[in-house]
Amino acid sequence: MTHTIIFDTDPGVDDAQAIALIMAHPDIEVLGMTTTFGNVRVETATRNALLLTELAGQNIPVAQGADYPLVKTPYPVPAHIHGADGLGNQTLDAPSGQAEKISAAQFIVDKTREQPGEITLMAVGPLGNLAMAIALDPDVVNRVKQVVIMGGSAARGGNVTPLAEANIFSDPHAAKRVLTAGWPLVMVGLDVTLDTVITPDRMARIAEGQGALGKVLSHSYDFYADFYRSAIGLDGCCPHDSCAVAWLVHPEFFETVTGHLDVVTEGPAEGQTIFAPAERQYVSDRWSRTPAVQVCMKVDGEAVSNWIEQTLTSSSGA
């Protein structure tokens with residue numbers, strides 16, 4: 001089966017790993033990448049997306065999108081996690097390509113009009129571009145094949161606040177619009193990404209198999225792994241965004257639960273994703289008024305890590 005996708009991203013170390021995956025896998029057709037602020041400002045995200053595709057010898061359209069949240073004032077980018085350049089602070093040549101002339105949101109609208117029912121939107125950063133696509137054309141929710149979100153947390157708490165995951169916290173108003181829009185949606189959040197680890201030895205094999213792109217992935221991994229080592233004592237890093245790609249190709253690695261999502265947009269719980277499993281009964285129906293979605297709750301993390309390595313070291317990418 002070929003998966004036709006638009007990849008919405010804010011590269012970002014783990015984004016770069018996921019971009020390598022989608023370019024390498026023979027069953028994934030990348031119609032384009034759309035960029036957003038998040039791990040870096042959007043201009044840097046666009047530069048990185050263009051650069052990574054060129055290092056892989058591919059020509060993938062890149063459309064630049066949101067540089068600010070819909071409502072809130074943005075926090076500074078997490079340079080201590082991803083580096084000021086998003087790729088672990090390394091000196092790289094500027095890409096030769098340029099972004100598309102249309103916005104990311106318009107790119108999403110246009111492509112889904114051209115191929116209704118065929119495109120999966122994969123969003124691994126803050127969700128402003130998807131929210132703006134809905135604002136431009138509300139019928140976009142009826143034209144996508146599915147939406148796969150890397151973000152949120154149903155039961156594991158947060159990674160940037162006690163309750164909120166980074167992508168959702170960065171633009172909670174956009175996240176609320178996207179997660180409750182009524183399109184077929186799967187959330188791949190901290191519940192599963194924190195149970196998946198790329199170890200240093202695995203990364204070394206990946207770097208060797210990825211040529212020029214591998215050198216960039218390796219350097220950025222080292223920077224990212226230093227953060228994980230100091231922050232939580234982990235020898236390696238969690239490939240958050242790659243887990244969403246793994247779900248697309250191998251959903252059998254995951255256990256999903258049907259239920260209802262909402263997002264807290266204000267106050268101390270800002271950015272928290274609230275998940276109400278459909279089979280549970282509560283004292284009120286207030287938590288089950290949003291459209292039903294799928295949320296990944298468990299994962300075979302070793303299977304996902306093995307698949308990532310296999311994809312990025314195989315000559316065929318399979």
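The paragraphs below lead through a predicted model, beginning with a single residue in a strand and moving on to helices, a cavity and a pocket.

A convenient place to start is Thr9, which belongs to strand 1, the stretch of residues 3-9. Is Thr9 buried or exposed? Its relative accessible area is 0%, and because residues under 20% count as buried, Thr9 is a buried residue. Leaving aside residues up to four places away in sequence, Thr9 touches Asp15, Ile19, Met33, Thr34, Thr35, Thr36, Ala45 and Val124.

Strand 1 also appears in the surroundings of helix 4, which covers residues 104-114. The buried residues of this helix are Ala104, Ala105, Phe107, Ile108, Val109 and Thr112. The spacing of such residues can be read with a general rule in mind: an α-helix has 3.6 residues a turn, so residues three or four places apart point the same way. Against what do the buried residues of helix 4 pack? Their partners are strand 1, strand 2 (28-35), strand 3 (62-64), strand 4 (119-123) and helix 5 (128-136).

Helix 11, made of residues 240-249, has ten of its ten residues buried, so it is largely enclosed by the rest of the structure. Reading along this helix, the buried residues are His240, Asp241, Ser242, Cys243, Ala244, Val245, Ala246, Trp247, Leu248 and Val249. One of the neighbours of helix 11 is helix 12, and the two pack at an angle of about 90 degrees with their axes 10 Å apart. Because of this angle, helix 11 counts as roughly perpendicular to helix 12. On the side of helix 11 the contact is made by Ser242, Cys243, Val245, Ala246 and Val249, while helix 12 contributes Val304, Trp307 and Ile308. Sorted by class, the residues of this contact are seven nonpolar, one polar and no charged.

A second pair of helices, helix 9 and helix 10, is arranged in another way: their axes come within 6 Å and cross at roughly 155 degrees. That angle makes helix 9 roughly antiparallel to helix 10. Here Pro200, Met203, Ala207, Glu208 and Gly209 of helix 9 meet Gly211, Gly214, Leu217, Ser218 and Tyr221 of helix 10. This contact divides into five nonpolar, four polar and one charged residue.

Several of these residues return when we turn to the spaces inside the protein. How many cavities of 30 Å³ or more are there? The count comes to one, and the largest cavity holds about 60 Å³ of space. Its lining consists of Gln17, Leu21, Ile198, Met203, Ile206, Leu217, Ser242, Ile308 and Leu312. Two or more of the lining residues come from each of helix 1 (13-24), helix 9 (200-209) and helix 12 (301-313). By class, the lining of this cavity has seven nonpolar, two polar and no charged residues.

Finally, the largest pocket contains about 840 Å³ of space. It is lined by 37 residues, of which Asn39, Pro78, Ile81, Val160 and Ala166 are the closest to its centre. At least two lining residues are supplied by each of helix 1, helix 3 (79-82), helix 6 (166-170), helix 10 (211-232) and helix 11, and the largest share, five residues, comes from helix 10. In contrast to the cavity, whose lining has no charged residues, the lining of the pocket includes eight charged residues, together with 21 nonpolar and eight polar ones.

Note on methods:
Residues are numbered from 1 along each chain as its sequence is written. This is a predicted model: local features need pLDDT of at least 70, side-chain atom pairs count only at pLDDT 80 or more; totals for chains, interfaces and linings use all residues. Side-chain values use heavy atoms; hydrogens and water are left out. Buried means under 20% relative accessible area, exposed over 50%, partly exposed in between (1.4 Å probe, protein chains only). Helices (H or I, at least four residues) and strands (E, at least two) are DSSP runs, numbered from the N terminus. On a 1 Å grid over the protein atoms alone, a cavity is a set of points where a 1.4 Å probe fits but cannot get out, and a pocket is an open set with protein on both sides within 12 Å along at least five of seven lines; lining residues have an atom within 4 Å of a point. Grid points are joined across faces, edges and corners, and a volume is the space filled by probe spheres set on the points. Ala, Val, Leu, Ile, Met, Phe, Trp, Tyr, Cys and Pro count as nonpolar, Asp, Glu, Lys and Arg as charged, and the others, Gly among them, as polar. Axes are lines fitted to C-alpha atoms, for helices over the stretch in contact, and angles run from 0 to 180 degrees between N-to-C directions. Angles under 35 degrees count as roughly parallel, over 145 as roughly antiparallel, 65 to 115 as roughly perpendicular and the rest as oblique. Contact means heavy atoms within 4.5 Å.
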